[in-house]
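Got a two-chain model open and wondering how to read where the chains meet? Let's talk it through.

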Amino acid sequence: MNIRKLSELKTGEKGIIERVTGVGRFRQRLMEMGFVPGAEIVVEKFAPLRNPIEYVLKGYHVSLRHDEAEKVMVRKLEEQTEDH
Amino acid sequence: MAKKITIAIVGNPNSGKTTIFNNITGAHQKVGNWPGVTVEKKEGITTYDGCTIQAVDLPGTYSLTAYSLEEIIARNYIIGEKPDLVVDVIDASTLERNLYLATQLIDLGVKLVFALNMVDVARSRGLIIDHENLSLLMGVPFVPTVGSKNQGTKDLLKAIVGVAEDRESVSRHIHINYGLELEEEIEQFQGLIRTSASFPDEHHSRWMGIKLLENDEEVIKEIEKSPLKKKVLDQLGKSKAHLNEILGEDSETLMADRRYGFIHGALKETFRQAQRNRRYLSDQVDMVLTNRLLGFPIFIFFIWAMFQLTFSVGQYPMDWIDAGVGLLARVVGDLMGEGLPRNLVVGGLISGVGGVAVFLPNIFILFFCIALFEDTGYMARAAFIMDKVMHTLGLHGKSFIPMIMGFGCNVPAIMATRVLESRRDRILTILINPLISCSARLPVYVLIAGALFGAYAGNVIFSLYVIGILLAILMGQIFKRTLFRGEIAPFVLELPPYRMPTLKGTLIHMWERGSIFIRKMGGVILVGSILVWALSSFPQTVDYSRDYDMEKRKIQERYAIQKEELMQSWQSEKVQLLTREMNLKIAELEALRKDEFQENSFLGRLGKAIVPFLRPLGFDWKGGVALLTGFVAKEIVVSTFGILYQVGEKEGEESEGLRTAIRNAMTPLIGYAFMVFVLVYTPCLATLAAIRRETGSWGWTGFSVGYSLILAWILAFVIYRGGMILGLG
Ligand SMILES: Nc1nc2c(ncn2[C@@H]2O[C@H](COP(=O)(O)OP(=O)(O)OP(=O)(O)O)[C@@H](O)[C@H]2O)c(=O)[nH]1
């Protein structure tokens, strides 16, 4: 299987969320914002200083710090989705 | 029949909640605060179809878990105050996520209306929503609206009244099905909870069951207080273990998962996306504004522009207000007779009110800019760009704005911390903000550095700014590691699409914040100014060491005789010369008298009383008095020196007389220690009022005073003593 940390995906890459590790408030917040297993997530871009990272999820944009993105496990999708 | 309906408006941040609230209530609203916290509470009233509708705007939240202040407020209001109906504003362009909160509201079993806002955006993105079927599926009417164009408001009001009076046909309580395994556990709890007399309601007990599985701290606390405690908590342990065993996930994940599952199911038949993966205008704008190369320059430009607008353009109305206050003081002063009442009105009241009023242009312009940043969606990008830098200081990306504003004035800067969502970030930013050297401290530096360091004054002043920044970083690190350990709030920041703000909306946002400044801080500053005035004006009767009145009379008599002689010998130019000489002598005498009066006033005595603390730093009692008055506003230190060194209070920081006096009173080393002390010590009164207001706590305010005083003392001590040892004194 192709499971890895969300933080390891590069700009434009896509993944399917497997699970969110971490605890308490952080985890709850991610879940309610749509980071649930099966959700598709795309890396939109990195901030100018490489951190945080912007993602597109469920039709909206959200940014996570690198160490937060490390706590989200995704299955990487190989297909090319860039169209610009 | 006049019926009264109370409604609460909830919704995700940025869903257009405030806009919908304004549309519903029009101009009839009042802004206040939720008890004990600094989250704003807005209430408004309107009538529709013979009903009086009273609306409360709840803070924007993504969910009703009990993690953040906003969530707790929203939830306590709905559960505790039981409004007749809740309007959930749903952003149609991010429907799926917005419906998460909607499912929680459905669980709560309150009467609901969903305002399906931003349908214009959704349409332009090719999202097709069958809101009628969605209404049937969820048992709640969805009313399409475009908040920014005030469309759909009538329909919304109609639905509100309809649902409240049980006339709406689609309205029904649905039970969201969480799947067999979870439902079984929920039922267990429901059964247990309903045995207790305190939670008889079927809907409520189901809700509590759901919340228990979601690990909701508030509900668990409530259970812990009830006689059911043991049974329920035992069951919770068992349920969780059971679920984990059969489904391999913890109950919180399962609940969130099933919620989204329910939403997914409901949207399957009612939602379609016509075009996929298109790049929207907003994304294109963003490619530029957060570009790797351009992002920072553009950001810096915006901040610079805001700074310029706030403090340079703001300077004009500030000067007008200042002049107006001066004029008022003179007119009133002329109208009232010499004496204590006049001094109180002119020296205490008018200058106190004036001291508040001059801030207004700054504050309003600043809040306008911030409202603009927020309403366009740029604020989130600024946080995105700056977060890495600010995070190394222990702060949030959004802390940048307050920190940079601090260079202008700490008062609006501290008020700008409202953009921060977590209380920890807010308090941390507030505590270190006064270390950023505000513009009121500059005159003090200019005076002292100018007097003592000559050609190097510029470098010396620059070093003070750098020291301020370094201290802010240092204290940030220290506080982060000591006071706020472990409380790291998740960053998880939504980046809403760029939007064209409406002037009305932005002005409303500006006014809401600015008016709070006027109402809440005005009083504190006024009282403080009067207090300092009183301390420096009493006691009125002083046992002067000399009889000034008699000496004055003697001078006058002497010159009168001389003048008389000259007049007789027709030497009128000499008479003028003589008069000038006499006036000079009298002024000198008056200055001495004033000096003695000052020394004798309560303020002077206080200054002398603190000398033991200041002597180790090399400061004398005049320095002490200057520092005391600087508490009202730091620039006052300069005019106090003016009074104390008898060069007249009209003299500014560029005055040569004052510089000479400073040169006689301080060595460069003491001067530098003094400037560092001025930089660091106790925030001024207005800033303290802002701190009190934004932290909502006297404790933090006191802490801010205390730590900065101690820090200032230690630094000045180290500089002075260290310099002495190094032979710089
Ligand atoms: N295109 C469009 N823009 C809207 C609509 N409703 C509101 N807006 C805009 O969206 C922005 C945010 O609206 P607000 O009402 O401040 O949102 P809010 O939910 O109160 O946001 P918070 O106060 O941050 O919770 C503003 O610039 C509004 O003008 C709408 O239906 N369509």
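What follows is a short dialogue about a predicted model, going from the interface to the strands.

Q: How do people usually put a size on an interface, and what is the area buried between chain B and chain A here?
A: The size of an interface is often given as the accessible area lost when the parts come together. Here, chain B and chain A bury about 3,900 Å² between them, with 55% of that coming from carbon and sulfur atoms. On the chain B side, B:Tyr67, B:Phe384 and B:Val492 supply 17% of the area that chain B buries against chain A, more than any other three residues.

Q: And how many residues does the contact take from each chain?
A: Chain B puts in 43 residues and chain A puts in 35.

Q: What about charges: how many salt bridges does the rule find across the interface?
A: For a salt bridge, look for a Lys or Arg side-chain nitrogen within 4 Å of an Asp or Glu carboxyl oxygen. By that rule, five of them cross between chain B and chain A. To see one, go to B:Asp387 and A:Arg65, whose side chains meet at 2.6 Å, N to O. Polar contacts are worth a look too: 16 residue pairs make them across this interface.

Q: Which elements of chain B supply residues to the side that touches chain A?
A: Helices H3 (95-108), H11 (251-268), H12 (281-289) and H17 (378-392), plus strand S10 (493-494), each supply at least two residues. H17(B) gives the most, with six. Sort that whole side of chain B by residue type and you get 17 nonpolar, eleven polar and 15 charged residues.

Q: Which strand of chain A pairs with S10(B), and in what sense?
A: To read a pairing, find the bridges and then check the direction of the strands. S10(B) pairs with strand S5 (residues 60-64) of chain A, in the antiparallel sense and over two bridges. One of the bridge partners to click on is B:Glu494, which sits opposite A:Val62.

Q: Staying in chain A, what does S5(A) join up with?
A: S5(A) runs antiparallel to S4(A), with five bridges joining them; A:Val56 has A:His61 as its bridge partner. The two form a hairpin with two residues in between, and A:Lys58 in the turn has a positive phi of about 50°.
S4(A) also pairs antiparallel with strand S3 (residues 40-46), again over five bridges, and A:Lys45 partners A:Glu54 there. That hairpin has six residues between its strands, and A:Arg50 takes a positive phi near 75°.

Q: Why is S4(A) described as largely enclosed?
A: Count its buried residues: four of the five in S4 (residues 53-57) are buried, so the strand is largely enclosed by the rest of the structure.

Definitions and conventions:
Residues are numbered from 1 along each chain as its sequence is written. Chains are lettered from A and ligands numbered from 1 in the order in which they are written. This is a predicted model: local features need pLDDT of at least 70, side-chain atom pairs count only at pLDDT 80 or more; totals for chains, interfaces and linings use all residues. Side-chain values use heavy atoms; hydrogens and water are left out. Contact means heavy atoms within 4.5 Å. Buried area is the accessible area (1.4 Å probe) that two parts lose on being put together, summed over both. A polar contact is a pair of N or O atoms within 3.5 Å; within protein, one must be able to donate a hydrogen and the other to accept it, and residues adjacent in sequence count only if both atoms are side-chain atoms. Ala, Val, Leu, Ile, Met, Phe, Trp, Tyr, Cys and Pro count as nonpolar, Asp, Glu, Lys and Arg as charged, and the others, Gly among them, as polar. Two strands pair if DSSP finds at least two bridges between them. Buried means under 20% relative accessible area, exposed over 50%, partly exposed in between (1.4 Å probe, protein chains only).
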